[in-house]
Amino acid sequence: MEAEKIKETVKKAAKELFRKYGYHKTSVNEIAKKARIAKATIYKYFESKEQVLDGILMDYLDQNLYEILHNKVSYTSEEEHLKALVMKTSRLSFTACNEFIGWDFVRENANSQEFLKHLSDQLEALLLAAYLQLDNFKNNPARREGLAFLLKASKSIVFSFAFTSVSDSDVRKNFVSFQKEILPFLVKAAL
């Protein structure tokens, strides 16, 4: 098998197992068995199970982010467009973590803080690079700085949901509060 095909096979197997059993309860042995390859082969391409998860999440976010950014919905203002993009990408990142990791793992695992920081930094870089492809931001350095501020602040707030929300209902309340009470001010500061 060629390297990229092996990586995709591993990620596909891991994604199915993470969804079914959760990240914490899935072993590298189980991923290898599902992918029909040797455990050593997984370690040839991924340093750890965490790196497999990281690859799955980045693929998921990249694919969905492309769809969000290239959606041809018209907005009444640049401010409304930016608010919509931030909310969609915030929900996307939350859903990715919820679907593939599970918030219990995030709250209880000793390494989760470091992993989540790494993931959120990657997400921020991915979002910034994607947003900078939009016409409004391409050739405007001041807008780029404002956008970087908006993404960093929004990311920090959204990822804090994981540690303050006890239930899905709390998450919904936090998103509504963020959308109505915080995001408008962040967008104005960014523009």
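Start by selecting residues 27–46, the stretch that an unreviewed UniProt entry labels "DNA-binding region". Keep in mind that you're looking at a predicted model. Colour this stretch by secondary structure: 75% of it is helix and 0% is strand. Now pick the C-alpha atoms at its two ends, and you'll find them 14 Å apart.

Next, switch to colouring by confidence. Across the protein the mean pLDDT is 81, with 87% of residues at 70 or more. Where is confidence highest, and where is it lowest? Helix α2, residues 28–35, takes the top spot with a mean of 96. Helix α6, residues 103–108, sits at the bottom with 58.

Now show two helices together: α1 (residues 3–21) and α4 (residues 49–69). They pack with their axes 10 Å apart, at an angle of about 90°, so α1 and α4 are roughly perpendicular to each other. To see what touches what, turn on side chains. From α1, select Glu8, Val10, Lys11, Ala14, Lys15 and Phe18. From α4, add Lys49, Val52, Leu53, Gly55, Ile56 and Asp59. What kinds of residues make up this contact? Six are nonpolar, five are charged and one is polar.

Stay on α1 for the last stop and zoom in on Glu4 and Lys7. Their side chains form a salt bridge, with 3.7 Å from N to O. Because the two residues are three apart in helix α1, about one helical turn separates them. The structure has five salt bridges, and the Lys7–Glu4 pair is one of them.

Technical notes: Residues numbered from 1 in each chain as written. Predicted model: local features only at pLDDT ≥ 70, side-chain atom pairs only at ≥ 80, totals over all residues. Heavy atoms only, no water. UniProt positions renumbered as here; feature names shortened; annotations may be inferred. Helix = DSSP H or I, 4+ residues; strand = E, 2+ residues; numbered from the N terminus. pLDDT = per-residue confidence, 0-100. Axes fitted to C-alpha atoms, helices over the stretch in contact; angles between N-to-C directions. Parallel < 35°, antiparallel > 145°, perpendicular 65-115°, else oblique. Contact = heavy atoms within 4.5 Å. Nonpolar A, V, L, I, M, F, W, Y, C, P; charged D, E, K, R; others polar. Salt bridge = Lys/Arg side-chain N within 4 Å of Asp/Glu carboxyl O.
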